[in-house]
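Student: I should like to learn how to read a pocket and a bound ligand in a structure. May we go through one together?

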Amino acid sequence: MTATGRMLLISGPSGTGKSTICRRLLEDDRVVFSISATTRQPRPGEVNGVHYHFLSREEFRAKIKEGAFLEYADVYGNLYGTLRAPMDEAIAKGLIYLVEIDVQGALQLLTLGVDGLYIFIAPPDPGTLRERLSGRGTETPEVLERRLQKAEDESRESHRYDHIVVNDDLERALQEVRTLVGLNGSPAS
Ligand code: 5GP
């Protein structure tokens, strides 16, 4: 199967390696990344229009009114949203529009019936997820337990996606995603 313009949504619990998979998918010119809008302040090194579209709350509210967002959510007091127009443009050009999003956002898009391929990246088993999350060394035991519980809750929704890809091995999982979205052929095939 060859790739045609469509949305590719990659989601899953924190610590499953979905960002790494997305980064690798973007090595292919046929894939473009969805840049979210947010009201949070840029962190050092973050560039407007590259990492996020940084908007004021007023600007964000105006865009909500215009219907510019496919979905949006309040995350820890800041607003985040996926813009509709860049996705339509990319798909019209025959590109794969990659949306990396948390499970909450993915379920919103699924519920709205936004067309695309929905992939849930799952950890091989809870033990591995615990190792990966504690390996970051940034979480207190309480935060770690909360994240694991959240991952368990999120995994309960995985049946709603088109595919579940278990990230037991990065190269294997990446290959599986590429095959599912039709990125294995050469650009001309
Ligand atoms: P951060 O501020 O660390 O970049 O992101 C915080 C959270 O916002 C992450 O959980 C991320 O998945 C979520 N987020 C980023 N962009 C979007 C978006 O467009 N929609 C939704 N619903 N969540 C987003």
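Tutor: Let us begin with the pocket. The lining of the largest pocket receives its greatest share from α6, which gives six residues. Helices (H or I, at least four residues) and strands (E, at least two) are DSSP runs, numbered from the N terminus. This is a predicted model, in which local features need pLDDT of at least 70 and side-chain atom pairs count only at pLDDT 80 or more, while totals for chains, interfaces and linings use all residues. Residues are numbered from 1 along each chain as its sequence is written, and side-chain values use heavy atoms, with hydrogens and water left out.

Student: What is a pocket, and which residues lie nearest the centre of the largest pocket?

Tutor: On a 1 Å grid over the protein atoms alone, a pocket is an open set of points where a 1.4 Å probe fits, with protein on both sides within 12 Å along at least five of seven lines; lining residues have an atom within 4 Å of a point. Here 38 residues line the largest pocket, and K18, Y52, V75, E100 and D102 lie nearest its centre. Elements supplying at least two lining residues each include α1 (18-25), β7 (96-100) and α4 (103-112).

Student: Where does the ligand sit?

Tutor: A molecule sits in a pocket if more than half of its atoms lie within 2 Å of its grid points. The ligand sits in the largest pocket. Two elements, β5 (69-75) and β6 (78-83), give two or more residues to the shell around the ligand.

Student: Which polar side chains approach the ligand, and at what distances?

Tutor: A polar contact is a pair of N or O atoms within 3.5 Å. In the side chain of Y52, an N or O atom is 2.5 Å from an oxygen atom of the ligand. For E71, a polar side-chain atom lies 2.7 Å from a ligand nitrogen atom, and for T82 the distance to a ligand oxygen atom is 3.3 Å. The protein covers 78% of the 510 Å² of accessible area that the ligand has on its own (Shrake-Rupley method with a 1.4 Å probe).

Student: What caps the N-terminal end of α5?

Tutor: The cap is D125, with a side-chain oxygen 3.0 Å from the backbone nitrogen of G127. Just after α5, G137 has a positive phi of about 70 degrees.

Methods
Polar contact = N/O pair within 3.5 Å; in protein donor to acceptor, adjacent residues only side chain to side chain.
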